[in-house]
Amino acid sequence: ALGGNAIIQEGQKGTIEEQLDNVSKSCDQILNLVEEGCKVVLTHGNGPQVGNTLLKVEASKDIVPENPLDVCVAETQGNLGYIIQQSLYNKMKERDIDKEITTVITQVVVDEDDPKFKNPTKPIGPFYKEDEAMVLMEENGILMISDSGRGYRRVVPSPNPIETVENKIIKSLIDNNVIVIAAGGGGIPVVRKEGLLKGVEAVIDKDYASALLAEEIDADFLMILTGVEQVAVNYGTAEEEYLSQLDLEDAKRLLADGQFPPGSMGPKIEACIKFVEKGGKAIITSIDKLQDALEGKTGTRIVKKK
């Protein structure tokens, strides 16, 4: 699971050239696993990208019809899938790796009565200074919150994922040795109405969606790749401590104690807990340490018991 903020790094404008360059740098670590015989499914975030898409929609609403949020998620699945797919393809050519790769536009079912629809918490889009955020909230009615001390961001509803609609297609592809990019941005949020699917205005957390998909396709490992090498407690303080391992009991306790904020590490820990409870293995680390983390040299491994 690649974070959307890794595809557009802090301080960047988010041009296609920047995103291609960032993803290309991530490819070698992933392809190391492919060369070792691992079957890989890549998921990714879209927080910065879907927020930017929403800004474009709002800026052009007097010129072209507005797209709802679920369609914006679908758009980012397509363009980010293209960027990741092309980057991997080119790297595979350089390394003489003969494999197919594809992107699956993925719908994820949520409950239309999920209380999270009434309590928006998912940060998306660019960061704003406090005074800028106050203006946007007052003049445009946009709900914004402080995101992990990095600035203010727009927040939207983020219901829990229940089922990946295309999970059997994804499983079939990986069984046939295809590298799959799926559930981009947490998947396109849909609800079931009398057996039919209908998109809803929300963004699903990509970590929760990744854990769900990993369970559905019987994955051995869930690897969440983020901006830090290891998970820390007392993060940003003099008592900061990095963790190489967390059992379920300690993970749940530290989560309840507020050690892992909802807007950053919290969903990653919760996703790992869910996957490990179902019998899988979970690791949180940075993209450049992917190989070392899988070999147990670094990263934070979530285990059932110490």
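This report describes a four-stranded sheet, a helix residue, one cavity and one pocket in a predicted model.

## Basis of the description

Because the model is predicted, local features are reported only at pLDDT of at least 70 and side-chain atom pairs only at pLDDT 80 or more, whereas totals for chains, interfaces and linings use all residues. Residues are numbered from 1 along each chain as its sequence is written, and side-chain values use heavy atoms, with hydrogens and water left out.

## The open sheet

Four strands in the order E11-E15-E16-E14 form an open sheet with mixed pairing; helices (H or I, at least four residues) and strands (E, at least two) are DSSP runs numbered from the N terminus, and two strands pair if DSSP finds at least two bridges between them. Strand E11 (221-226) and strand E14 (245-247) are the edge strands, each with a single partner strand, so one side of each lacks a neighbour in the sheet. On average, and with direction ignored, neighbouring strands of this sheet are turned by 20 degrees against each other, where axes are lines fitted to C-alpha atoms (for helices over the stretch in contact) and angles run from 0 to 180 degrees between N-to-C directions.

E11 and strand E15 (residues 281-286) run parallel and are joined by 6 bridges. Along this pairing, Ile224 stands opposite Ile284 in E15, and Thr226 stands opposite Ser286 in E15. Helix H9 (residues 265-277) packs on the sheet and touches E11, E14, E15 and strand E16 (300-303), its direction making about 175 degrees with that of E11; contact here means heavy atoms within 4.5 Å.

E15 also pairs with E16, to which 3 bridges join it in an antiparallel arrangement, and Ile283 has Arg301 in E16 as its bridge partner. Of the 6 residues of E15, 5 are buried, so this strand is largely enclosed by the rest of the structure (buried means under 20% relative accessible area, exposed over 50%, and partly exposed in between, with a 1.4 Å probe and protein chains only).

## Glu130 in helix H5

Glu130 belongs to helix H5 (residues 130-140) and is partly exposed, with a relative accessible area of 48%. Its C-alpha atom is separated by 40 Å from that of Lys281, the two residues being 151 residues apart along the chain.

## The cavity

The structure holds 1 cavity of 30 Å³ or more; on a 1 Å grid over the protein atoms alone, a cavity is a set of points where a 1.4 Å probe fits but cannot get out, a pocket is an open set with protein on both sides within 12 Å along at least five of seven lines, and lining residues have an atom within 4 Å of a point. The largest cavity contains about 80 Å³ of space, a volume being the space filled by probe spheres set on the grid points, which are joined across faces, edges and corners.

Among the residues lining the largest cavity are Leu55, Ile124, Tyr128, Met144 and Arg154. Helix H3 (47-59) and strand E4 (122-128) each supply at least two residues of this lining, and E4 gives the most, with 4 residues.

## The second largest pocket

The second largest pocket holds about 650 Å³ of space. It is lined by 26 residues, of which Lys39, Val40, Val41, Ala219 and Phe221 are the closest to its centre. The elements that each supply at least two lining residues include helix H2 (16-35), helix H7 (206-216) and E11, and the largest share, 4 residues, comes from E11.
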